[in-house]
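Thanks for making time this morning. I would like to walk you through one model, taking its open and enclosed spaces before its packing.

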Amino acid sequence: MECRPTVKNIYDYIDSIAPFEEQCEWDNSGLLVGNPCREISKIGVVLDITADAVRYAAANGIELIVSHHPVIFRPVKAFLEGDVSYLLAKNGISAICAHTSLDRANGGVNDVLAETLGFRNPVPLAAEGESAMIRKVIIEETEANELAMLVADRLSTGVQLADCGKKIDTVALCGGAGGDFIHAVAGSGCDAYITGEAKHHEYLEAKDLGLTLISAGHFETENPVVAVLAKKIKDNFDCEVEVIPQKSPVEYY
């Protein structure tokens with residue numbers, strides 16, 4: 001008789017490749033909805049657990065969703081019909097979320113981003129702390145606009161560029177909202193920083209620090225990990241694994 005994995009089996013595997021204990025202290029990664037003892041025959045993997053993603057899962061026999069972004073991030077004071085976490089529970093769907101633990105992990109969000117952009121041998125910017133999730137790569141010397149066009153092409157998106165006016169051969173990468181790390185990146189000697197999103201004052205700060213800043217979309221810089229994570233799970237468990245279809249909530253014109 002075929003032995004199906006439990007939610008806890010999947011949790012333990014994800015913990016082995018992206019340890020939950022290494023998440024940032026403000027984060028909320030882990031098993032956030034569901035029964036750890038439940039046996040699973042079909043898993044869906046997605047960046048964001050939205051209402052649409054839950055409805056898709058319910059319609060397609062998915063019993064566990066594995067996501068990057070936490071479905072419950074801040075403390076909640078009510079649990080009401082229409083809330084995404086309520087929809088999960090109502091449909092008997094469990095949720096495991098690997099956020100900053102997957103950002104930091106070897107083979108996680110930022111290593112996959114580097115690979116997607118065609119960069120080799122990414123290394124952590126720092127050995128510990130939040131900067132450990134950032135990756136640093138050495139590339140063939142290029143101009144800022146050429147690097148921006150490469151990012152736009154590889155991620156099939158529009159990008160924003162703050163060009164500090166110098167040639168680039170050392171690049172830092174952090175998918176998602178990485179603007180907070182500008183000073184750490186500049187202090188590490190990088191010429192350019194590719195992230196998902198940044199604020200207006202962060203573009204100004206980057207130029208003042210002599211750092212070219214490229215932002216390419218929160219979804220676009222993190223979503224490549226979804227297919228990679230789905231394959232890892234599929235290769236290690238005897239159950240169906242599917243990438244739940246999802247598009248960025250932002251459109252570029």
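By class, how many nonpolar, polar and charged residues does the lining of the second largest pocket have? Please keep in mind throughout that what you see is a predicted model. The answer is five nonpolar, two polar and four charged residues, and the space in this second largest pocket comes to about 170 Å³. Its lining runs through Gly118, Phe119 and Arg120, then Ile138, Ile139, Glu140, Glu141 and Thr142, and finally Glu146, Leu147 and Leu150. Strand 6, residues 135-142, and helix 6, residues 144-155, each supply at least two of these lining residues, with strand 6 giving the largest share, namely five.

The largest pocket, for its part, has a volume of about 270 Å³ and a lining of 16 residues, among which Trp26, His99, Thr100, Ala177 and His218 lie nearest its centre. Two elements, helix 4 (100-104) and helix 9 (218-222), give two or more residues to that lining, whose make-up by class is six nonpolar, six polar and four charged residues.

Turning to enclosed space, a search of the whole structure finds one cavity of 30 Å³ or more, and the space inside this largest cavity is about 50 Å³. Its lining has seven nonpolar, three polar and one charged residues, including Ile17, Leu102, Val225, Leu229 and Lys232, and helix 10 contributes the largest share, four residues.

Helix 10 comes up again in the packing, since the largest share of the largest nonpolar core, five residues, is also drawn from helix 10. That core holds 27 residues, of which Ile14, Ile43, Val45, Val66 and Ile233 touch the most other members. Taking Ile43 as an example, and leaving aside residues up to four places away in sequence, we find that Ile43 touches Ile10, Ile62, Leu64, Val66, Ile233, Cys239, Glu240, Val241 and Glu242. Apart from this core lies another, of 18 residues, with Leu113, Val171, Ala192 and Ala216 among them.

Finally, the chain as a whole. Its secondary structure comes to ten helices and eleven strands, and 49% of its 253 residues count as buried. The C-alpha trace spans about 60 × 35 × 30 Å along its principal axes. Because a compact globule with 253 residues would have a radius of gyration near 18 Å, the 19 Å of this chain agrees with that expectation. Among contacts between residues at least 6 apart in sequence, 68% join residues at least 24 apart.

Conventions. Residues are numbered from 1 along each chain as its sequence is written. This is a predicted model: local features need pLDDT of at least 70, side-chain atom pairs count only at pLDDT 80 or more; totals for chains, interfaces and linings use all residues. Side-chain values use heavy atoms; hydrogens and water are left out. A nonpolar core is a set of buried Ala, Val, Leu, Ile, Met, Phe, Trp, Tyr and Cys residues joined through side-chain atoms within 4.5 Å. Buried means under 20% relative accessible area, exposed over 50%, partly exposed in between (1.4 Å probe, protein chains only). Contact means heavy atoms within 4.5 Å. On a 1 Å grid over the protein atoms alone, a cavity is a set of points where a 1.4 Å probe fits but cannot get out, and a pocket is an open set with protein on both sides within 12 Å along at least five of seven lines; lining residues have an atom within 4 Å of a point. Grid points are joined across faces, edges and corners, and a volume is the space filled by probe spheres set on the points. Ala, Val, Leu, Ile, Met, Phe, Trp, Tyr, Cys and Pro count as nonpolar, Asp, Glu, Lys and Arg as charged, and the others, Gly among them, as polar. The radius of gyration is taken over C-alpha atoms; the globule rule is 2.2 Å times the number of residues to the power 0.38.
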